[in-house]
Amino acid sequence: DGYGRYNFFEGGAIYYHPNLGTYAIPKIIAEVWKKEGWEKGTLGYPTSDEIIKNNNSVQYFEFGAVISTKGGSYKVIYNSLRSKNGLYTKWRQTGGIDSYLGDLVAPNKNYPKTFRYHFAEFQNGFIYENPTINENPAFVIKKGPFFDYYAKQKWETGALGFPISDEKIKKDGTLFQNFEHGTVFYSKSLGAFEQKL
């Protein structure tokens, strides 16, 4: 693309970008990156070396990450259309490899009829990318009362639609989360309940 430089080796590659730095990509991650279109594809350039922690392997890229959970096959999460903000960026904001959402369970899934809507599943919750929100289009639904209620309403295909906020707390201690077509509240005494817009 006229910006980067690289060398290939028996065990992987080293890539350099003048604004992003120089990083090594192990061969097994490079093979996944190749399928995604190298630096011009879904993930862009690497922005870290491989990170190994808690028996997980992660390598960060401009617009996504290549992740192996507990020695399993490598999977990819990413922001749609190489956007600066989206599902991958939200995951990084939750801690990345140290995310409170835990290990990756299922990578990006999208909906053929709703272009650019994606979600990914983690041990402790989901991240949904909603392209109708310009600034920060991705939101977390933690597993628990909000997710259980959302599941009963048929998730994003139901009346609530996609999330448009993370879980929040009111001054009186009531938790709530906003969706395209309503708000779900939760209190210990009442459980989860909905207020439609």
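Here's a quick briefing on the fold, the cores and a few individual residues of this protein. You're looking at a predicted model, with 197 residues, 45% of them buried. The secondary structure comes to three helices and 15 strands. Below, the overall numbers come first, then the N-terminal sheet, the nonpolar cores, and finally some residues worth clicking on.

**Overall picture**

- The C-alpha trace spans about 60 × 35 × 30 Å along its principal axes.
- About 10,700 Å² of the protein is exposed, and carbon and sulfur atoms supply 51% of that area.
- If you take the contacts with a separation of 6 or more, 37% of them are between residues 24 or more positions apart.

**The sheet at the start of the chain**

- Strands β1, β2 and β3 form an open sheet in that order, and the pairing is antiparallel.
- As general background, strands of a sheet pair through backbone hydrogen bonds, in either a parallel or an antiparallel way.
- The edges of this sheet are β1 and β3 (21-26), each of which pairs on one side only.
- On average, neighbouring strands here are turned by 15° against each other, ignoring direction.
- β1 (residues 5-9) and β2 (residues 12-17) pair over five bridges in the antiparallel sense, and a hairpin of two residues joins β1 to β2.
- If you want to check the register, Arg 5 has Tyr 16 in β2 as its bridge partner, while Asn 7 is bridged to Ile 14 in β2.
- Helix α1 (residues 27-35) lies across β2 and β3, and it runs at about 100° to β3.

**Nonpolar cores**

- The largest nonpolar core has 16 residues, and the ones with the most contacts inside it are Ala 65, Ile 77, Trp 91, Phe 122 and Ile 127.
- Two or more residues of this core come from each of β5, β6 (64-68), α2 (87-93), β9 (114-122) and β11 (138-142).
- Helix α2 gives the largest share of this core, with three residues.
- A second, separate core has 14 residues, including Phe 119, Phe 146, Phe 179 and Val 184.
- Generally speaking, nonpolar side chains in soluble globular proteins tend to be buried together.
- Back in the largest core, what does Phe 122 touch once residues up to four places away in sequence are set aside? The list is Ile 77, Trp 91, Leu 101, Gly 102, Asp 103, Leu 104, Val 105, Ile 127 and Lys 143.

**Ser 57, a polar residue worth a look**

- Ser 57 sits in strand β5 (residues 56-60).
- Is Ser 57 buried or exposed? Its relative accessibility is 6%, which is under the 20% cut-off, so Ser 57 counts as buried.
- The side chain of Ser 57 has a polar contact of 2.6 Å with the side chain of Glu 50.
- Another polar contact, at 3.1 Å, links the side chains of Ser 57 and Tyr 74.
- Leaving aside neighbours within four places in sequence, Ser 57 is in contact with Ile 29, Glu 50, Ile 51, Ile 52, Val 66, Ile 67, Ser 68 and Tyr 74.

**Positive phi angles in loops**

- For context, most residues other than glycine have a negative phi.
- Trp 38 isn't a glycine, yet its phi is positive at about 55°.
- You'll find Trp 38 in the loop between α1 and β4 (51-53), where Trp 38 is partly exposed with a relative accessible area of 26%.
- Lys 70 isn't a glycine either, and its phi is positive at about 50°.
- The loop between β6 and β7 (74-78) holds Lys 70, and at 45% relative accessibility Lys 70 is partly exposed.

**Gln 93 on helix α2**

- Gln 93 belongs to helix α2.
- With 53% relative accessibility, which is over the 50% cut-off, Gln 93 counts as exposed.
- The C-alpha atoms of Gln 93 and Lys 40 are separated by 24 Å, and the two residues are 53 residues apart along the chain.

Conventions: Residues numbered from 1 in each chain as written. Predicted model: local features only at pLDDT ≥ 70, side-chain atom pairs only at ≥ 80, totals over all residues. Heavy atoms only, no water. Helix = DSSP H or I, 4+ residues; strand = E, 2+ residues; numbered from the N terminus. Buried < 20%, exposed > 50% of the residue type's maximum accessible area, 1.4 Å probe, protein only. Polar contact = N/O pair within 3.5 Å; in protein donor to acceptor, adjacent residues only side chain to side chain. Contact = heavy atoms within 4.5 Å. Core = buried A, V, L, I, M, F, W, Y, C linked by side-chain atoms within 4.5 Å. Pairing = 2+ DSSP bridges. Axes fitted to C-alpha atoms, helices over the stretch in contact; angles between N-to-C directions. Areas by Shrake-Rupley, 256 points an atom, 1.4 Å probe, with all protein chains shown as cover.
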